[in-house]
Amino acid sequence: SNGDSHAVDLQNNEGMVWIKGRLNAIHPYIYSTVRGANKYVRTNSNLIEQTNSNSVSGVYSYGTNSFTIGSGNGSSFIDINNNGTTFDYWVFRSKPRFFDIVTYTGIMSGSKTVSHNLQCEPGYIMIKNLDTNRNWACFHRSRGNASWQEFNTVSGFTSGSGSMWDTTTPTSTQFTVEQFSGINANGDNGD
């Protein structure tokens, strides 16, 4: 129902909330404590980061044991809190060896090394350019450093000359992105 609070802990920890209505026509949304309240990206789209126009339409606060979904109006509101619709949500709290959120600014003049705090080799990496409409870029360790997936498309993993990952395997402290405009565009922010 509108204005519900959900029992999770994100106020003192970085984390992410992924919300999807069970109806097919409803978009999936990711909100994160790193980007701030009311800012989201859609996992089925290449669109840049968006901000809910009504300050209480999306996930607008993170508490010590909850996150709060607003009861305002707006098109994205019905996708995450529509009366009578069942929603699923997944919450990921940053924790070593489990989950981390990092942001970086692209350079587009070669590869860029990005530090993370997992303290282990990442099993899966999802990157979204927040400033330019580009497809998601995803890494999975079982596919290796020469393959990538564009999460928001129907394509499976792709291999080719060059690689999103500079054919460098992620380590326990960093991963590398190649000079593709989708994930390493000069001045664009990635998350």
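Q: In this predicted model, what makes Leu23 and Ile26 contacts of Thr85?
A: Contact asks for heavy atoms within 4.5 Å. Leaving aside neighbours within four places in sequence, Thr85 is in contact with Leu23 and Ile26, so heavy atoms of Thr85 and of each of these residues lie within 4.5 Å. Thr85 itself sits in the loop between helix 1 (75–80) and strand 8.

Q: Why is Thr85 called buried?
A: The cut-off for buried is under 20% relative accessible area. Thr85 has 16%, so the word buried applies to Thr85.

Q: What makes Arg22 and Asp88 a salt bridge?
A: The rule wants a side-chain nitrogen of Lys or Arg within 4 Å of a carboxyl oxygen of Asp or Glu. In this pair, the closest N and O atoms are 2.9 Å apart, so the rule is met. The two partners come from distant parts of the chain, 66 residues apart: Arg22 is in the loop between strand 2 and strand 3, and Asp88 is in strand 8.

Q: Why do Arg22 and Asp88 get the labels exposed and partly exposed?
A: Exposed means over 50% relative accessible area, and partly exposed lies between that and the buried range under 20%. Arg22 has 55% relative accessibility, so Arg22 counts as exposed. Asp88 has 25%, so Asp88 counts as partly exposed.

Q: How many salt bridges does a search of the whole structure find?
A: The search finds two. Besides the pair of Arg22 and Asp88, the side chains of Glu49 and Arg35 meet in a salt bridge, at 2.9 Å from N to O. Glu49 is in the loop between strand 4 and strand 5, while Arg35 is in the loop between strand 3 and strand 4, 14 residues apart. Arg35 is buried, because its relative accessible area is 12%, under the 20% limit.

Q: What makes strand 5 and strand 8 the edges of the open sheet?
A: Look at the order of the five strands, which is 5-4-3-2-8, with antiparallel pairing. Strand 5 (50–51) and strand 8 (87–93) each have a single partner strand, so one side of each is left without a neighbour in the sheet.

Q: How do you know that strand 2 and strand 8 count as paired?
A: Two strands pair if there are at least two bridges between them. Strand 2 (residues 15–21) and strand 8 are joined by seven bridges, so they qualify. For Gly15, the bridge partner in strand 8 is Arg93.

Q: Why is Gly15 called buried?
A: Its relative accessible area is 0%, and buried means under 20%, so the label follows. Gly15 is found in strand 2. Not counting residues up to four places away in sequence, Gly15 touches several others, including Leu10, Tyr31, Phe92 and Ile101. Ser32 is also among them, and the C-alpha atoms of Gly15 and Ser32 are separated by 5.7 Å, although these residues are 17 apart along the chain.

Q: Why is the pair Tyr29 and Tyr40 called edge-to-face?
A: Aromatic rings pair if their centres lie within 6.5 Å, and planes over 60 degrees apart count as edge-to-face. The count by this rule comes to ten aromatic pairs. For Tyr29 and Tyr40, the values are 4.8 Å centre to centre and 65° between the planes, so both steps are satisfied. Tyr29 lies in strand 3 (residues 29–32) and Tyr40 in strand 4 (residues 39–42), so the pair ties together parts that are eleven residues apart in sequence. Both tyrosines are buried.

Q: What makes Asp166 and Thr167 worth a look?
A: Most residues other than glycine have a negative phi. Phi of Asp166 is near 60°, a positive value, and phi of Thr167 is near 45°, also positive. Asp166 lies in the loop between strand 14 (157–159) and strand 15 (174–177), and Thr167 is found in that loop too.

Q: Why are Asp166 and Thr167 called partly exposed?
A: Asp166 has a relative accessible area of 24% and Thr167 has 48%. Neither value is under 20% or over 50%, so both residues count as partly exposed.

Key. Residues numbered from 1 in each chain as written. Predicted model: local features only at pLDDT ≥ 70, side-chain atom pairs only at ≥ 80, totals over all residues. Heavy atoms only, no water. Helix = DSSP H or I, 4+ residues; strand = E, 2+ residues; numbered from the N terminus. Phe/Tyr/Trp six-rings, centres within 6.5 Å; stacked < 30°, edge-to-face > 60°. Buried < 20%, exposed > 50% of the residue type's maximum accessible area, 1.4 Å probe, protein only.
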